[in-house]
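User: I'd like to go through some of the labels on this model and see what backs them up. Can you walk me through the reasoning?

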Amino acid sequence: MIQKFDRNDRRILKLPAVHPCEGISPATLLESLITLSHLICDYQSKFFATQRKNARETIRQISILSIFFEEIRENIPNLSNSIVLCLSELHITFQRIQFLLDDCTREGARILILMKSHFVATQFRTLIRVVATALDVLPLNSIEVSCEIKELVEMLTKQARKAKMEIDPEDETAMKRVLLVLNQFENKFEPDPFMIRNILAHLDIKTWAECHREIKFLDEEIRAEYSDGDERELPLLTSLLGLLSYCRGVLFEDCDFGYIDQSDGRNSNFEVLSCLNPEDFRCPISLELMTDPVTVSTGQTYDRVSIQKWLKSGNMICPKTGEKLTSTEMVPNTSLKKLIQQFCAEYGVSLAKSRRKNRDISRTILPGSPANGEAIRFLSEFLTVSLGYGNDHHKKRSAYEIRLLAKSNLFNRSCLIESGSIPPLLELLDSNDPSMQENAISALLKLSKQPRGQKSIIENGGLKSIIAVLENGKKTEAKQIAAATVFYLSSAHEYRKMIGENKETIPSLLELIRNGTSCGKKNSVVALFALLFYHRNRQRALSAGAVPILLGLLESSERVELKTDTLAVLSTLADSFEGSMEIVQASALPLILRLLNSIETRAGKEYCVSILHSLCLNCGSDVVIVLANDASLMTTLYSLLTEGTSHAGRKSRSLIKILQKFCETRSARSIRDVRQEQFVNVR
């Protein structure tokens, strides 16, 4: 009878209720009402940061009604339809009261409930009035209960009708202080820390972890606002997010460095990357797959939603090149759009998911409100100064804060890069403290996703330090994050040559592929794949022993995605004669043939065909003979012609022609040999 709503499904201060069905029995309805009453009364033991008086009065009234419901449970057969109707109305109202109390005590929602004090107080008042109305029409005299209970219900009805349910004066004062602080941020004044501490004290936010929970909740609400398409609350939500981010970074000394990794559904240390999206299909702003590519006056292409957000913020500079835009005109890049659509169709990539992801990351191009923008700028400057001049604890803490701020917010990354945080972060990579080094490389990873961040890292000589962490990081996590950073730096055409020329880069990536964790192997494989777009890096990879290491990974790994990415790298290396020879000399043909039949991904099959095709072209008859003797190969190739991607179809068709020509030549030679033998015998 009582509907269960997951907190993830119900937005805060949305109070849904299930109407009891018309045919419900009075006994079932009454039992459900009693259960609801007890659930509401249980909130007496919970902490209310705000709305204490209203919550206390509401719980008191419901507790009295629960006594009334317990009394009439003994006389259920005598309940008339009018009584059942009143009880049904009370049931709906009790559901909403429970949700309202739940929101007032919800973890992470304290400051939002404070700023919604007028609305919340109105909800309490409205719901109690509904209770009073239902009790007014309840035919109390027709219900068999004691006189004391009747008098109690009548008294409660009068109290509910007159209940004021107003805002607590202390809540009102705290709310005004928040508005004052936000106004100071908006006007580019750094607020008085004493006033902010008073606000936090009123809300009983005493620790870094409690402040972070508030930030996490606000971020979820902002995501939900965008998802629902209703952005009316965004200025308030983003302003509060900026305020609490400032508090977490500036006012709380003690930092729970492991808190985020434990609370996330996935381990936030690990960057999971993929070879499958060509870098030219990614938007330079969001680094996500473009769904509506447009070209601006500098000739650079961006996803429409991302560049529109950029331009709306008043930026007239090309994000990638730094050149001034001569106009805001955006020309649809229809050719690239068709290529992306074809790519998505062939690889099974969901364009709908890509659009949602792009909207989610693109929403963070702008701060959402002036107060949030200035709060983040003040915080970025504070953290940068702390990185440069603080003690070891302050540096470690600041690196961790930057890591959190830059995690999935483009505006935050921009502020941190502008504040000059990259040079001091690079210095921390030489630290002997494993945790400090990990926080620094993770922060740099987030900042390396921006073109300006990549440029700053390279110009400040950061490549050498990042490669040093990749090679000799204090923790395994630091090494695999360094590999992911190399991947993002390699996404820029102009840096691949420099990265590959560093003698330690490719050997260090291969070492991590050989001995790293599953995530480390994945990051290293895709970083290597990105580097191979510069042709001279292919020879460097071959010289470093890439082929046997990658083949070993294919043999040992059980992860389909990792196998697919490894095949992508081998396919690139097989384009050259040297790469093909190494694959053949490693006796890898049976492995490639086996994977062609067994791997589950279409991309994996395509890479297998591409490798076999390159081996035939580069190594000739030695390979063709082996393939021609494989009875199942032609069946698989014909299957790919009809069911595979267009690229796989072209490779399969070419490979079939090579094999057919070989078989025809061999057959003709056999016939000729037979005839010669017969001629000799006749003579």
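**Cysteines, charges and cut-offs**

Analyst: Sure, starting with the cysteines. The sulfur of Cys 619 has its closest cysteine sulfur in Cys 616, 8.6 Å away, which is too far for a bond. Keep in mind that this is a predicted model.

User: What makes that too far for a disulfide?

Analyst: The sulfur atoms would have to be within 2.5 Å, and Cys 619 has its closest one at 8.6 Å, so that pair doesn't qualify.

User: How many disulfides does the structure hold?

Analyst: Zero.

User: Why is Cys 619 called buried?

Analyst: Buried means under 20% relative accessible area. Cys 619 has 15%, so the label fits. Cys 41 also counts as buried, at 15% relative accessibility.

User: On to the charges. Which residues gather in the patch of negative charge on the surface?

Analyst: Glu 71, Glu 74, Glu 148, Glu 151 and Glu 154. Helix α6, residues 147-162, supplies the largest share, three residues.

User: Glu 148 is found in helix α6. Why does Glu 148 count as exposed?

Analyst: The exposed label needs over 50%. Glu 148 comes in at 56% relative accessibility, so Glu 148 makes the cut.

User: And Glu 494, how do you know that one is exposed?

Analyst: By the cut-off of over 50% again: Glu 494 has a relative accessible area of 53%, so Glu 494 is exposed. Glu 494 lies in helix α23, residues 493-501. Tyr 534 is 40 residues apart from Glu 494 along the chain, with 9.6 Å between their C-alpha atoms.

Notes:
Residues numbered from 1 in each chain as written. Predicted model: local features only at pLDDT ≥ 70, side-chain atom pairs only at ≥ 80, totals over all residues. Heavy atoms only, no water. Patch = residues over 30% accessible without salt bridge, like charges linked within 9 Å, V, L, I, M, F, W, Y side chains within 5 Å. Areas by Shrake-Rupley, 256 points an atom, 1.4 Å probe, with all protein chains shown as cover. Salt bridge = Lys/Arg side-chain N within 4 Å of Asp/Glu carboxyl O. Lys, Arg positive; Asp, Glu negative; His and termini not counted. Charge placed at Lys NZ, Arg CZ, Asp CG, Glu CD. Helix = DSSP H or I, 4+ residues; strand = E, 2+ residues; numbered from the N terminus. Buried < 20%, exposed > 50% of the residue type's maximum accessible area, 1.4 Å probe, protein only.
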